[in-house]
Structure formats: structure tokens, C-alpha cells
Amino acid sequence: MAGGYMGNGSAKILFVDLSNGEIKEELFGEEILRKYIGGYGLAAKIMYDRQKPGVDPLGPENMLGFLTGPLTGTPAVIGSRYVVVGKSPLTGTWGDANSGGEFGPNLKFSGYDGVFFTGISKKPVYLFIENGKAELKDADWLWGKDTNETEDLLKEKHGKKTNVACIGPSGEKLSLISCVINDKGRAAGRSGLGAVMGSKKLKALAVLGDMKVPLADEQRTMALRRAYINTISGFGDVLKKYGTAGITAGASESGDAPVKNWSDAGSEVFPTATKISDDAVIAYQEKRYACWRCPIGCGGHVKVVSGPFASTTHKPEYETLGSYGTMCLNDNIESIIKLNEICNKMGLDTISAGCTIAFAIECYENGIITKEDTDGIELKWGNAEAIVAMTEKLAKREGFGDILADGAKIAADKIGKGAGQYAVHVAGQEVPMHDPKFTHGLTVTYLIDATPARHTQGGELITPGSGMDLTKPEPRVYTGRAKLQRELMNLMHIVNVAGLCMFGYSSMPVDSLPEFMSSVTGWDYSLDECQITGERIGTLRHVFNLREGHNPLEREFSGRIIGRPPLTRGPLKDVSIDKETMIKEYLELVDWDQKTAVPSKSALSRLGLDFVIGDLYK
Ligand code: SF4
């Protein structure tokens, strides 16, 4: 009987049909769990089995899931995560996005490992779960409220201990770059899943409970916790002091952070990155913030007391400081805190929102759009007031903001006049703040992972146990990398589906993952099993896309990301990635077809995925 799950050895999942209000629960036993673990692994199996290909991501048939992993809400260090899954309306592919805070563990304490929604409600609703009882409730009174107000109102109604994941007005207005927010600023940011929630008229999940997560070996789990907390070092020390804000200046200088909408890199073009990094950010910190029982506590609450950018919200993450800072040549930290507040309250992904504004600025600077298009806003590089004003419009779909509200690619299509050359994206999704010209393995991750342009699903950016080296670009070597790439992607899949935080894991020894998996579930877990299971999960998500007719090798992939054309100055000068070689070697290793990306029958059999063969080989 596996520990770590809420169904007496099985994962207990709720299925809610919003069209007719029906709520059912199902148990998923050890045979499935050992193969797919939880989170987006279990979700991939459930959605592959139950969701037809070709459904409209904003239609009733798209399944929207909120799932935890077996380590979520347990003493396993950094077991704070949950994931939101669904077919992405932004990319048309598999979509998932994970978040920390308190919500994931508390979903389990309310009695369930996860919840799936289908259908569309006739009127706004929220799901309230308390100690194993779930009920759909009217949310007319919450519709239109921002995420802070929504959380406050639900706590007022159901008690202070209630935890909330919800959408803001941007999700209600079906912005394809909207997200799900919990804890007033922890974001399941990517893939546009806030719009899926909005399309279903589902405003929030509110959970309350004190049920315990069963542990196979409680004593050993507690002993491991004590031991591993003492090993946190390296990147973990930076996180403790600054959070991810601690890397902005270094990343901007070294070339890791894209600058000026990916058209440049380094301190020559953005010499003031220290103004939006480490000490400059925590100067506004009122108190530190930790996700559920995390000993690192990389978060914080920040406040700008007065002035045009007066605001109070979570400390901006590196990704936000990049998208609204280096990408827009904006060194005004108060404006970035304000932008973080807007995105958190309205429910927007800060990566996509900031990158879309950077795209619009480049269009403006090149005369593709003018003040007449932008409702009088002077969208110039580094114009903090304009960036805030346009983000407010984007969040509300007002005026030109309506053009931008679905991300850079769709905006470029609407604008025309050559705007597409400035829309930097992979398959419609804006690219995170880590440049493949700096960390070459990200080329493969951004292009091949089932969620296009994702940095948290593996690759060589974060190496467990040794953190990140953001001081210098990698040597320009493009061959012989596939083995490490595959191993790291597989491992990160298990980190994600187990419910761990990848930042915390990158600060601890690699063995902490299989050790906690063993002590919590009772399985004899090993790094070898992480590899095969991670590959199975990654492959099933990929096959989900293939069945949708989506071949990642045919994804739109902006040349700027990989140095085509190469930059003419800075730390990444003349780097032009040999994407073809990297992809070819990776496909050879995993035994996927070089043109169609279809895994061979033997690769699928080796991973225990024989049930998909009939769909791929007709
Ligand atoms: S390291 Fe940071 S993001 Fe990760 S669990 Fe801890 S506080 Fe949360």
C-alpha cells in the first residue's frame, strides 16, 4: 500500500462535470501510480485515456486538472508543489504549469490528491472542498474580483485556514497568457491555463482540511528531513538571501538573461541591471516568505510605499525581473514591483506578459505601430510609466491591450506589417529568461518538451546537486550532449510529478529524491527508476501532442533564440547554435523518428507504453 496518497494507498481524484454539476471520486491504485507517480505524470495517463484528440482547449471537453504529487504535503524537504494541467489554448499542445505556496499541500489535507474539471458551467462557480466533501458553489459574487479580493472573500466565508487557487479578471476574459494564482501571488503561470479555467466559468478552488498524508515510514522520513535540511547550500544560499532575484544582474551581464526582446545581450546594452537585482530588490522587502514548510524561504513580500508605482505584492522572481526588466530595458525596480502586483492580481503569466510588452515596444520603436495604435502611450524602451500603463490595458483587454492579451504571436498576426519578426516565441508561447546561446541544452528543451518553451522541465539549466553556473556562457560544443540532456529531463520530470520544488532540489544532493520517494511511498526507489519513469512520463506527454497532430520538429521557433542571425556584440557575440545536430543526436538516443518525431515501437514497449502504439501506427 503506497504512502503519500490520500486514498488509503491509492490516489484519490475528484472528477467534476461543470455542465451538469456531477461530482465523482475515483481511486488510482499502485499499478498506475508506480508508473506515473502523480502531478502531470498521472494527469498525462488520465487525459490520454479519457480526452479525445482535437478538442477545443476552451471548449467543454478539455479537461482541466489540479494535481499534487506523493511528496506534496509531507516532511520531504520542499514538498510544496501542485500542478495545473490541460490542453493549452496558447500553443494547442499539452499544457502544464506548477506552483508552490500553501495550496498544494492543503489540497491534500482536504482529502484529495487532485481534481479534474470538464464541461462548462452555466454561471460562475467555485469548488469548495472540506475534509473529503466537495461542493460546487455560486461564484457570481466573486466574478470580476481580482485574485487578492477573491482569496480574502473566500477566507472570510469559509475561515482563515482556507486555501485558494483562482483566476483574476484576465482569466475571466480568456486572455491566452492568463494563469492560475494561489496564495495571492504564487503562479501556475505558463500554458494559458487561466483561460481554460475562465472558459469553464470556474473562478476558484477553495480547500480546507486537516487530514494527514500517510507516510510508509514516518521515522525515516523525518530523519531524512533533518539530514537533508543540513545539506542545503550553493544555490540554496543565494535563494535564502535574495530569492531568484539574486541572479538578475549576473545573468544579465553574462548573457543568460535575454536583453531588449532577445535582440542583444550583456552590460553594453543594459548597464544598469544591478538596479533590478539582489540588494536593490530586497530593499523593498517587508518580510521573507516561504512555501509550505520550506527551510529555504526564497520568497518575500515587498512594498513600494508611495509614488506612481505604489504597490504591495510578492517579491518579483528572476523571470519577472527579466521579462519586464532586461527585455524592456527597464531598470526601474519600483515599476517592476508594480507590474508584478498587476499580473498577480489580474492573473497573468509575468513571463508572457512582459515579453509581449517587449515585443510591442520593438514594434513601436520601428514604426510598425504608433501612438495612434497604442491609445496615446509612448511605448519606448525603458519607459516604465508606459510599460505599466500598457500592462494594465493588456490585463483588462482594453484598447490596444486587447491586441496584446493573447501573447506576442497572436498580436503580431493581428498587427501584420512585419510585426512577426519581433514576436519571439516557440509554438506561440513566449520564451523564458534563459538564453540557449548561453545554456545550449535549452535549445532541445524549448523545442522538444511537450510544453513548448519551458525551462522547468529539464535541460541543462539546473543540475541537481550542483545548482546553476550563470557566470559564463558554455563553450560552443553542440555534439555529444544528448545523454546528459535526456538524463536531466527524465530526472526533472520526477522532481515535478513527485511535488518537489526544483529550486530546492537543485540545492540538495541528487539522492534526496529517491530516498524521500522510498520513505514516503514505501517503494524501494532508485535513481534508475527515476530515469525510466521520467522518460515514460515525458514520452506520454509527447505522444499526447503527436495524437493532436502536433510535431515538435515543425514548431515555429524564433531564430533570435538560437542566434540566427548571431548577435554582433556582447558575451554571446557570434554564437549560432547548431540546433540540427543537437536535435538529431537527441532523437537518435531516444529512438524517435528524425522527421515525424514518432517514437519507435520498441522505444514505446521499453517504456511500457504499448497502449499508444495503435494510435501512432495505423
Ligand atoms: S525554494 Fe522557494 S520556491 Fe522552492 S519551495 Fe522553497 S520557498 Fe518555495
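**Figure 1. Salt bridges between domain 1 and domain 2 in the predicted model.** Arg 186 pairs with Glu 317 in a salt bridge, with 3.9 Å between the closest N and O atoms. Across the interface of domain 1 and domain 2, two salt bridges are found by the rule. Residue pairs in polar contact across this interface number 17, counting pairs with both residues at pLDDT 80 or more. Helix 3 (103-109), helix 4 (147-158) and helix 5 (169-172) are the elements that give two or more residues to the side of domain 1 that touches domain 2. Helix 5 supplies the largest share of that side, three residues. By class, the side of domain 1 that touches domain 2 is made of 17 polar, 11 nonpolar and seven charged residues.

**Figure 2. Extent of the interface of domain 1 and domain 2.** The domain assignment places domain 1 at residues 11-208 and domain 2 at residues 233-430. Their C-alpha centres are 26 Å apart. On the side of domain 1, 35 residues are in contact with 33 residues of domain 2. The size of an interface is often expressed as the accessible area lost when the parts come together. Here domain 1 and domain 2 bury about 2700 Å² between them, and 55% of this area is on carbon and sulfur atoms. Within domain 1, the residues that lose the most area to domain 2 are Ile 177, Arg 186 and Arg 190, which together account for 27% of what that side buries.

**Figure 3. The salt bridge of Arg 190 and Asp 349.** The closest N and O atoms of this pair are 3.0 Å apart. Arg 190 belongs to the loop between strand 11 (186-188) and helix 6 (193-199), and Asp 349 to the loop between helix 12 (333-346) and helix 13 (350-365), so the salt bridge ties together parts that are 159 residues apart in sequence. Arg 190 and Asp 349 are both buried.

**Figure 4. Surroundings of Asn 182 in strand 10.** Strand 10 covers residues 180-182. Asn 182 counts as buried because its relative accessibility is 0%. Its side chain makes a polar contact of 2.7 Å with the side chain of Ser 99. Apart from neighbours within four places in sequence, the residues in contact with Asn 182 include Tyr 82, Gly 100, Phe 103, Glu 151 and Val 164.

**Figure 5. Glu 151 and Lys 155 in helix 4.** The two residues are four apart, about one turn of the helix. They form a salt bridge in which the closest N and O atoms are 3.7 Å apart. Glu 151 is buried, at 7% relative accessibility, whereas Lys 155 is partly exposed, at 22%.

**Figure 6. The salt bridge of Asp 96 and Arg 454.** The N to O distance between the two side chains is 3.3 Å. Asp 96 is part of strand 5 (residues 94-99) and Arg 454 is part of the loop between helix 17 and helix 18, so the pair links parts that are 358 residues apart in sequence. Both residues are buried. The rule counts 36 salt bridges. Through shared partners, salt bridges join Asp 96, Asp 449, Arg 454 and Arg 541 into one network.

**Figure 7. Backbone features in three loops.** Ala 453 is in the loop between helix 17 (442-448) and helix 18 (482-498). Its phi is near 60°, a positive value in a residue other than glycine, and Ala 453 is buried, with 0% relative accessibility. Arg 397, in the loop between helix 14 (384-396) and helix 15 (400-404), also is not a glycine and has a positive phi of about 60°. Arg 397 is partly exposed, at 21% relative accessibility. The peptide bond between Arg 564 and Pro 565 is cis, with omega about 5°. Pro 565 lies in the loop between helix 21 (527-547) and helix 22.

**Figure 8. Packing around Ile 583 in helix 22.** Helix 22 spans residues 579-590. Ile 583 has a relative accessible area of 8% and is therefore buried. Leaving aside neighbours within four places in sequence, Ile 583 is in contact with Val 444, Leu 447, Ile 448 and Leu 553. The C-alpha atom of Ile 583 is 9.7 Å from that of Tyr 478, a residue 105 places away along the chain.

Note on methods: Residues are numbered from 1 along each chain as its sequence is written. This is a predicted model: local features need pLDDT of at least 70, side-chain atom pairs count only at pLDDT 80 or more; totals for chains, interfaces and linings use all residues. Side-chain values use heavy atoms; hydrogens and water are left out. Domain bounds come from an automatic or database domain assignment. Contact means heavy atoms within 4.5 Å. Buried area is the accessible area (1.4 Å probe) that two parts lose on being put together, summed over both. A salt bridge is a side-chain nitrogen of Lys or Arg within 4 Å of a carboxyl oxygen of Asp or Glu. A polar contact is a pair of N or O atoms within 3.5 Å; within protein, one must be able to donate a hydrogen and the other to accept it, and residues adjacent in sequence count only if both atoms are side-chain atoms. Ala, Val, Leu, Ile, Met, Phe, Trp, Tyr, Cys and Pro count as nonpolar, Asp, Glu, Lys and Arg as charged, and the others, Gly among them, as polar. Buried means under 20% relative accessible area, exposed over 50%, partly exposed in between (1.4 Å probe, protein chains only).
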